Amino acid sequence: MNPARQIIQDGWISVTGNLIDGIGEGNYMGPAPAVEHINGHHGVLMPGMISTHQHVIDSLIRGGLEVDRGLFDWLVNVYYAGTSAYTPDDCAIAAKLNVSEAISSGVTTITDNWGVNNGDDPIRVNECAQATIEMYKTTGIRMMFARMFSDTFPDYWGPLVGALLQKVPGIVLNPATLVEPTEDALTRIEALMNQHHGSENGRISVCPGPILPQTVTPQGHLGSLALAEQFDTIVALHHCESETDARIFRESGPGLSCTDYLNCIGGLHPRLLGSHCVHLDDRDIRYFKVHDCKISHCPSSNMFLASGIAPVPKFLAAGLTVGLGTDDTNTNSNISILTEMRNAALVQKGHLRDAGAMTAEKVLEMATIDGARAIGLQDQIGSLEVGKKADIVLFNTNRPWWYPRHHLPSVIVYQAHADDVRTVLIDGQVILRNRELSFLPNADRRDFFEAAQAASAAIVERAGMQALANRGWQSLSRV
């Protein structure tokens, strides 16, 4: 993924500290490794993959609770209800579970859009955030922690949420607790940034995460931008994911597109990472191009929630930067950028009836160097180059589906499996070695998984989500 998109058939990489300090072809002829030699014979080495939009702690409310629901139904009855019942310990367990799966599939960097019923109990919310970040530090993952907030709700949300809550008897949720005052939210985010941004040798970043254009006031959007500029980071925003949330001021008529609205208030800027962007029209795309806004494409989640298919070929033709994201663990069901690459390519081919609409090379770029550019880290990660951080993935190709192979990018995108990832380095440290995680040894896995199951069962009970777990057999969906 260097500018020449070079592929070395037989070569080596040397790492000192957390940086790549040498790349060469043929046999390694330098000084003997001072610490370790990792034999990658017959393997494929590539940059660590980047998930530019993810909700990490939601992993404890997957497992069938989330299926067959549209975006707002899922948002109210699964996401809001479930995360409202989390404890700090739940957050730590969920983060460890999610990151374990991510790293095991070759993901080395995540942008985590994080939120736990932020307007409810500020002390509990802060404890949950702290527990999550501390777990990230122990796992070795490179993390962009985007602390989400809403400081307003549109008038039409009240009746909408009220109606959706009636679909699942027993759900325990007070919608009023989902909003927090603007200054309180920005102050709490700034405190997290002061405490954690740039910590762990720069491996942990913190940024503001206004949830949606219509659930954040202009003061909230512009305050987020001010924080991003102060700390030199991004603003992570959900944007035009479904037709329902693609427009604003709808109560008095057709309203504005959310993109047009952000342009009016000064909310479009190069630091903005808009996730999903399924319902952007040509005017919106022009605005994104003019302001150099970035996009996170989440194809599996958009299909899972029936939100639609983002016009990614139009984004690319306009010269926009597009990364890939796995989104919520419970609107995707697995954490693998390999899956997102395959789906990103195939869905456009089928939707547009154009076999060349998305190439293997482009989705591989989206998973690596374009993903790094989307979160402002292209000078540090996203490619194997001397001077960049040693975030590296080694594939085991001793599997039947790797053969024959003639065009390597296509083989990675269409043939590789997540469990082909054999070894992962993040920031120069070996985090996955021969399929065993440094922070979750194989001998401890069963006990940890059982603890995660027990924590999830307790969340279901506290949130009143039993009806979701006991849906019965539905050959035709009743949802």
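Which side chain meets that of Arg-462 in a salt bridge? In this predicted model, the partner of Arg-462 is Asp-90, with 2.8 Å from N to O. The pair links distant parts of the chain, for Arg-462 belongs to helix α16 and Asp-90 to helix α2 (residues 88-104), 372 residues apart. The two residues may also be described by their accessibility. Arg-462 has a relative accessible area of 40% and is therefore partly exposed. Asp-90 has a relative accessible area of 7%, which means that Asp-90 is buried, since the cut-off for a buried residue is under 20%.

This contact is one of 25 salt bridges in the structure. Another is formed by Arg-5 and Glu-365, whose closest N and O atoms are 2.9 Å apart. Arg-5 is placed in the segment before β1 (11-16), while Glu-365 is part of helix α13 (residues 360-367), so this salt bridge ties together parts of the chain that are 360 residues apart in sequence. Arg-5 counts as partly exposed because its relative accessibility is 35%, and Glu-365 counts as buried because its relative accessible area is 14%. Both residues also belong to a network of salt bridges, in which Arg-5, Lys-362, Glu-365, Asp-370 and Arg-373 are linked.

A further salt bridge joins Arg-147 to Glu-180, with the closest N and O atoms 2.5 Å apart. Arg-147 sits in strand β6 (residues 142-149) and Glu-180 in the loop between α4 (157-165) and α5 (182-196), so the contact ties together parts that are 33 residues apart in sequence. Both Arg-147 and Glu-180 are buried. Helix α5 also contains Glu-183. Glu-183 has a relative accessible area of 55% and is therefore exposed. In space, the C-alpha atoms of Glu-183 and Asp-151 are 9.1 Å apart, although 32 residues separate the two in sequence.

Strand β6 leads to the sheet of which it is a member. Five strands make up this open sheet, in the order β7-β6-β5-β4-β14, and their pairing is parallel. The edges are taken by β7 (204-210) and β14 (327-328); each has a single partner strand, so one side of each is left without a neighbour in the sheet. At one of these edges, strand β4 (residues 49-55) runs parallel to β14 and is joined to it by two bridges. His-55 has Asp-328, in β14, as its bridge partner.

Parallel pairing is also found between strand β11 (residues 272-276) and β12, which are connected over three bridges. Ser-275 has Ser-296 of β12 as its bridge partner. How do the side chains of a regular strand lie with respect to the sheet? They alternate between its two faces. In strand β12 (residues 294-297), Lys-294 and Ser-296 lie on one side and Ile-295 and His-297 on the other. All four of these residues are buried, and both faces of the strand are thus covered.

Several loops have backbone features that deserve attention. The peptide bond that runs from Tyr-403 to Pro-404 is cis, with omega near -10 degrees. Pro-404 is located in the loop between β15 (392-395) and α15 (408-414). Elsewhere, Cys-240 has a positive phi, near 50 degrees, although it is a residue other than glycine. Cys-240 is part of the loop between β8 (235-239) and β9 (247-248), and it counts as buried because its relative accessible area is 1%. Ala-306, also a residue other than glycine, has a positive phi near 55 degrees. Ala-306 is found in the loop between α10 (299-304) and α11 (312-317). Is Ala-306 buried or exposed? With a relative accessibility of 69%, Ala-306 counts as exposed, because the cut-off for this class is over 50%.

The path ends at the surface, where Glu-436, Asp-444, Asp-447 and Glu-450 gather in a patch of negative charge. One of them, Asp-447, is part of helix α16 (residues 445-463). Asp-447 counts as exposed because its relative accessibility is 58%. Helix α16 is also the helix that holds Arg-462, which was introduced at the start as the partner of Asp-90.

Technical notes
Residues are numbered from 1 along each chain as its sequence is written. This is a predicted model: local features need pLDDT of at least 70, side-chain atom pairs count only at pLDDT 80 or more; totals for chains, interfaces and linings use all residues. Side-chain values use heavy atoms; hydrogens and water are left out. Patches are made of residues with over 30% relative accessible area and no salt bridge: like charges are joined within 9 Å, nonpolar side chains (Val, Leu, Ile, Met, Phe, Trp, Tyr) within 5 Å. Accessible areas come from the Shrake-Rupley method with a 1.4 Å probe; for residues, only the protein chains shown count as cover. A salt bridge is a side-chain nitrogen of Lys or Arg within 4 Å of a carboxyl oxygen of Asp or Glu. Lys and Arg count as positive and Asp and Glu as negative; His and the chain ends are not counted. The place of a charge is taken as NZ of Lys, CZ of Arg, CG of Asp or CD of Glu. Helices (H or I, at least four residues) and strands (E, at least two) are DSSP runs, numbered from the N terminus. Buried means under 20% relative accessible area, exposed over 50%, partly exposed in between (1.4 Å probe, protein chains only). Two strands pair if DSSP finds at least two bridges between them.
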